[in-house]
Amino acid sequence: GTEYHVTTINVVHDGTNASHSQFGTVLQGTSTELATFDTDISSGSVRLRITPASTNSTVFKFKKILLDA
């Protein structure tokens with residue numbers, strides 16, 4: 001397709017709780033976001049959960065940058 005959704009998501013956690021902030025979203029070919037995002041912690045792993053807005057085939061690509069305080 002010709003629809004694109006690019007966004008930046010920052011995730012922070014304390015080992016028990018996780019939260020995120022989404023910003024810088026750019027949409028092309030659509031006026032609505034192609035997915036929604038949520039975070040959680042499961043079995044000690046922080047997860048960014050992505051839910052597609054459509055049942056159509058959607059390809060997700062991401063880049064992860066880790067910062068340790």
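User: In what sense do β1 and β2 pair, and over how many bridges?

Analyst: β1 and β2 are antiparallel partners, joined over nine bridges. Two strands count as paired if DSSP finds at least two bridges between them, and a strand is a DSSP run of E of at least two residues, numbered from the N terminus. One pair of facing residues is Thr8 and Phe23, the latter in β2. Four residues separate the strands of this hairpin, and Gly15 takes a positive phi near 90° there.

User: What should be known about the model and its numbering before reading further?

Analyst: The model is predicted, so local features need pLDDT of at least 70 and side-chain atom pairs count only at pLDDT 80 or more, whereas totals for chains, interfaces and linings use all residues. Residues are numbered from 1 along each chain as its sequence is written, and side-chain values use heavy atoms, with hydrogens and water left out.

User: How is confidence distributed in the protein chain?

Analyst: The pLDDT (the predictor's confidence in each residue, from 0 to 100) averages 93 over the protein chain, and 100% of the residues score at least 70. Confidence is lowest in β1, with a mean of 95, and highest in strand β2 (residues 18–28), at 97.

User: How many helices and strands does the protein chain have?

Analyst: The protein chain has four strands and zero helices, so that the order from the N terminus is β-β-β-β. Its C-alpha trace spans about 40 × 25 × 15 Å along the principal axes. Of the 69 residues in the protein chain, 6% are buried, where buried means under 20% relative accessible area, exposed over 50%, and partly exposed in between (1.4 Å probe, protein chains only).

User: How many bridges join β3 to β4?

Analyst: Strand β3 (residues 35–42) and strand β4 (residues 45–52) run antiparallel and are joined by eight bridges. Phe37 has Ile50 as its bridge partner in β4. The two strands form a hairpin with two residues between them.

User: Which residue in that turn has a positive phi?

Analyst: As a general idea, most residues other than glycine have a negative phi. Ser43 is not a glycine, yet its phi is positive, at about 50°. Ser43 is found in the loop between β3 and β4 and is exposed, with a relative accessible area of 79%. Gly44 is found in that loop as well and counts as exposed at 68% relative accessibility.

User: How far apart in space are Gly44 and Thr16?

Analyst: Gly44 and Thr16 are 8.0 Å apart, C-alpha to C-alpha, with their positions 28 residues apart in sequence. Another pair is His20 and Thr55, 35 residues apart along the chain, with C-alpha atoms separated by 25 Å. His20 is found in strand β2 and is partly exposed, at 29% relative accessibility.

User: How many salt bridges does a search of the whole structure find?

Analyst: Side chains of opposite charge can pair when their charged atoms come close. A salt bridge here is a side-chain nitrogen of Lys or Arg within 4 Å of a carboxyl oxygen of Asp or Glu. The search finds two. In one, the closest N and O atoms of Arg47 and Asp40 are 2.7 Å apart; in the other, Arg49 meets Asp40 at 3.8 Å, N to O. Salt bridges with shared partners thus join Asp40, Arg47 and Arg49 into one network.

User: How exposed are the members of this network?

Analyst: Arg47 is partly exposed, with a relative accessible area of 32%. Asp40 is partly exposed at 22%, and Arg49 is partly exposed at 40%.

User: How much space lies in the largest pocket, and which residues lie nearest its centre?

Analyst: Rolling a probe the size of a water molecule over the atoms shows where empty space is left. On a 1 Å grid over the protein atoms alone, a pocket is an open set of points where a 1.4 Å probe fits, with protein on both sides within 12 Å along at least five of seven lines; lining residues have an atom within 4 Å of a point. The largest pocket holds about 1500 Å³ of space; its volume is the space filled by probe spheres set on the points, which are joined across faces, edges and corners. Its lining comprises 36 residues, and Phe37, Leu48, Ile50, Lys61 and Phe62 lie nearest the centre. The elements giving two or more residues to this lining are β1 (4–13), β3 and β4, with β1 giving the most, at 10 residues.

User: How does the lining of the largest pocket divide by class?

Analyst: The lining has 19 nonpolar, 11 polar and six charged residues. Nonpolar covers Ala, Val, Leu, Ile, Met, Phe, Trp, Tyr, Cys and Pro; charged covers Asp, Glu, Lys and Arg; the others, Gly among them, are polar.
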